[in-house]
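Please open the model in your viewer and keep the sequence beside it. The tour below goes from one selection to the next and says what is there.

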Amino acid sequence: MTRIAIVGVAGRMGRTLVNAVAQDAGTTLAGGVVEPGSSLVGADLGELAGLGKLGVGAVESLAVIVDDFDVLIDFTAPQVTLANLAFCAEHGKRIVIGTTGLSDAELDELDGYRDRLPMMFAPNMSVGVNLTLKLLETAAKALGDEGYDIEVIEAHHRHKVDAPSGTALKMGEVVADSLGRSLKEHGVFERVGQCGPRRADEIGFSTVRAGDIVGEHTVMFATEGERIEITHKASSRMTFAKGAVRAARWLADRDNGRYDMLDVLDLK
Ligand SMILES: NC(=O)C1=CN([C@@H]2O[C@H](COP(=O)(O)OP(=O)(O)OC[C@H]3O[C@@H](n4cnc5c(N)ncnc54)[C@H](OP(=O)(O)O)[C@@H]3O)[C@@H](O)[C@H]2O)C=CC1
Ligand SMILES: O=C(O)C1=N[C@H](C(=O)O)C[C@H](O)C1
């Protein structure tokens, strides 16, 4: 039985993760961490997640539960995640990271831990999105050099703090890699005013933030006369949480290394 701790346990994903662990026969909920000083310290994690009492209380530091868990699941914010990664490396733990919005420097720092512990890092843990990445590889190879314009469009809830979403960036990267392009060079993240006509080789990004949209991503391949749209729509955070719990179980038997959800799903 893999013992799971959840950091950011009072957040949207944190509460959903408590539900996902409770439904999973191969894992047990060992603890949950809230922000230091939070009024939720001591709150029962089951009650936080709307499940009724589970008998596990929220703590304000990983150090309090260091002997209780095997794998940490972290869906928080970049600097919080990096601090937790350092803690896990130091204490021989494993970590599943869903946090998005890391800067290039933060991504380099994260990558520096690849040989120090088993870590799984993915901007989207749903099976559907990860299968979509494979479809995009095929579509980009077939269409990208044939005069099809490529645009990535994403929509999320009003509370999301990073843009474009980690998933949209990953989709853009997959498309760019498949075409031998660099996203740094070919990605276009803003069009405003007299920005001129579209370059044939650009990969454009558009962002919507509205209401309670859980997460929607479309990659459009458009030419004169037709367009293909590959779309994924998440209607419940449970799809991400179930993926994260599956990843935690999978990671429990892995050697040190940096893995992603395609490794977990055996889609590489
Ligand atoms: N990979 C994937 O499949 C998915 C990734 N995400 C990503 O996960 C992240 C979180 O998303 P979401 O749950 O919607 O965001 P929330 O803001 O709802 O949750 C983040 C939580 O982290 C808590 N937190 C902040 N600092 C600390 C700390 N030092 N110690 C403990 N907890 C802390 C926050 O507490 P407080 O409320 O007190 O600030 C909050 O409860 C985002 O980066 C998002 O993009 C989201 C969905 C799927
Ligand atoms: O913040 C969210 O909610 C989500 N974030 C992830 C991202 O940035 O790609 C994944 C998912 O779409 C939900």
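## The sheet

Begin by selecting Ile4, which stands opposite Leu29 in β2; strands here are DSSP runs of E with at least two residues, helices are DSSP runs of H or I with at least four residues, and both are numbered from the N terminus. What you see is a predicted model, in which local features need pLDDT of at least 70 and side-chain atom pairs count only at pLDDT 80 or more, while totals for chains, interfaces and linings use all residues. Residues are numbered from 1 along each chain as its sequence is written, and chains are lettered from A and ligands numbered from 1 in the order in which they are written.

Widen the selection to strand β1 (residues 2-7) and strand β2 (residues 27-33), which run parallel and are joined by six bridges. Two strands count as paired if DSSP finds at least two bridges between them. Now show the open sheet of seven strands, whose order is β3-β2-β1-β4-β5-β6-β12 and whose pairing is parallel. At its edges lie β3 (58-59) and β12 (257-259), each of which pairs on one side only.

Next, add α1, which packs on the sheet and touches β1, β2 and β4 (71-74), its direction making about 160 degrees with that of β2. Contact means that C-beta atoms, placed from the backbone, lie within 7 Å, and angles run from 0 to 180 degrees between N-to-C directions, with axes fitted to C-alpha atoms, for helices over the stretch in contact.

## The ligands

Which helix gives the most to the shell around ligand 1? Select helix α1 (residues 12-23), which gives three residues. In total 25 residues surround ligand 1, the closest being Gly8, Gly11, Met13, Phe75 and Gly98; a residue is near a molecule if its C-beta atom, placed from the backbone, lies within 6 Å of it.

Then move to ligand 2, where the surrounding residues include Thr100, His156, Lys160 and Thr167.

## The two domains

Finally, colour domain 1 (2-121 + 237-264) and domain 2 (127-234) separately, remembering that these bounds come from an automatic or database domain assignment. Their C-alpha centres lie 29 Å apart, and the contact takes seven residues from domain 1 and nine residues from domain 2. To find the side of domain 1 that touches domain 2, select α8 (238-251) and α9 (261-264), each of which supplies at least two residues.

Note on methods:
Contact = placed C-beta atoms within 7 Å.
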